[in-house]
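Ready for a guided tour? Open your viewer, get your selection tool ready, and follow along one stop at a time.

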Amino acid sequence: MILRHLFSPLNNTRLSHLCGPTDEHLRAIEAALDIRIAHRHEQFKVDGPKAKAQRGMEMLQALYEIAARPIPSATVQLMLSGDGSAEATLGPGLLTRRADLKPRSQNQAVYLDNIAEFDITFGIGPAGTGKTYLAVAAAVDALQRSAVQRIVLTRPAVEAGERLGFLPGDLNQKVDPYLRPLYDALYDLMGFEQVHKAFERQALEIAPLAFMRGRTLNNAFVILDEAQNTTPEQMKMFLTRVGFGTKTVVTGDVSQIDLPKAQLSGLIEAERILRRVPGIAITRLTSADIVRHPLVARIVDAYDAARLSDLPPIAALDLEPDTVRTGLPKTRTARAVKLQVR
């Protein structure tokens, strides 16, 4: 299908910003949507399948509306990973240092709504879907509004495929490398000085997962990141730390498990066991929610397809009917894992 559009009235500055340096923005739209864009002055032509061509034309119109000044490449990428418009996706507003913070997809909006409504929320999805960043944003918002007294950050100390050995320093310095993504989000959302002031008044706390046993966390916003690397015992221990007035968010990517192959992930087991428990929300994000470079979504899809082709047929696993997974295709049961490592 070929769509034609004439931008009127003619504004050469807007057209230049719309196209980007050496038509960089147009090439990005072509690559993401698999369409062809041709233009001569203010006349644009989009060639491709009907739905994609219409989406491409909507992207061009949305970019033209914000083209009073140069458009960063990141803005184009974010719009491509969203719904193709420059308008905010419906979702709760968050009080953070980033005034432009907003969900970029419908699933992200649902994720934030679940965090606001439920005391325990699971955010499960591939890299780049914003599950950790949005959880930290919701935590900062709750702290700024005095809805909680502190933010507690934790994650399992599991290396991604390599042994780091013993790390120097005190407890916080040893755990810092594992919590760096959470720190990066905090610095972005609060500012460097505000983060350090919050640590000084103990409004921010680093709590290694191994040291959580026996604690009760009241009036806190607790984030467990990289939860796919917890054992079932660790996950149960963590979830039972929840006290009064506490929000808990558990994030993880079940396609990137760094546990020994024979070890079942606590996140996978928790999703299976808790999916029907009232008061707990499970939000599943997909490659369509990725807000990084468009190649990241293609990489995730390619790895998922390769992983599925390597799995044995479900019938060959001899599973009980109630143990067969119907959620994410990457999720495996304990039985399936044991069969593969024999």
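Start by selecting Ile124 and Arg284: Arg284, in β9, is the bridge partner of Ile124. Before you move on, note that this is a predicted model, in which local features need pLDDT of at least 70, side-chain atom pairs count only at pLDDT 80 or more, and totals for chains, interfaces and linings use all residues. Residues are numbered from 1 along each chain as its sequence is written, and side-chain values use heavy atoms, leaving out hydrogens and water. Helices (H or I, at least four residues) and strands (E, at least two) are DSSP runs, numbered from the N terminus.

**Stop 1: the six-stranded sheet**

Now select strand β4 (residues 120-124) together with β9; the two run parallel and are joined by five bridges. Two strands count as a pair if DSSP finds at least two bridges between them. Widen the selection to the open sheet of six strands, and trace the order β6-β5-β7-β8-β4-β9, with parallel pairing. Which strands sit at the edges? They are β6 and β9 (280-284), each of which pairs on one side only. Neighbouring strands here are turned by 15 degrees against each other on average, direction ignored. For such angles, axes are lines fitted to C-alpha atoms (for helices over the stretch in contact), and values run from 0 to 180 degrees between N-to-C directions.

Add helix α6 to the view. It lies across β4, β5, β7 and β8 (247-252), and runs at about 170 degrees to β7.

**Stop 2: two nonpolar cores**

Keep α6 in view and show side chains. A nonpolar core is a set of buried Ala, Val, Leu, Ile, Met, Phe, Trp, Tyr and Cys residues joined through side-chain atoms within 4.5 Å. Buried means under 20% relative accessible area, exposed means over 50%, and partly exposed is in between (1.4 Å probe, protein chains only). The largest core has 32 residues, and those with the most contacts inside it are Val136, Leu186, Phe221 and Ile223. Which element gives the most to this core? The answer is α6, with nine residues. Other suppliers of at least two residues each include α5 (106-117) and α8 (180-190).

Zoom in on Val136: not counting residues up to four places away in sequence, Val136 touches Leu182, Ala185, Leu186, Leu189 and Ile223. Contact means heavy atoms within 4.5 Å. A second, separate core has 25 residues, among them Val152, Ala207, Ala220 and Ile280.

**Stop 3: the three-stranded sheet**

Next, select the open sheet with the order β1-β3-β2 and antiparallel pairing. Its edge strands are β1 (2-6) and β2 (36-40). Five bridges join β2 to β3, and Arg40 stands opposite Gln43 in β3.

Click on Asp47, which is found in strand β3 (residues 43-47). Is Asp47 buried, exposed or partly exposed? Its relative accessibility is 34%, so Asp47 counts as partly exposed. Ile2 is 45 residues away along the chain, yet the C-alpha atoms of Asp47 and Ile2 are separated by 4.4 Å.

**Stop 4: a pair of helices**

Finally, select helix α2 (residues 24-33), which packs with helix α1 (residues 12-19) at an angle of about 45 degrees, with axes 5 Å apart. The two helices are therefore oblique to each other; angles under 35 degrees count as roughly parallel, over 145 as roughly antiparallel, 65 to 115 as roughly perpendicular and the rest as oblique. The contact is made by His17, Leu18 and Cys19 of α1 and Glu24, His25 and Leu26 of α2. Helix α2 also lies across β2 and β3, running at about 150 degrees to β2.
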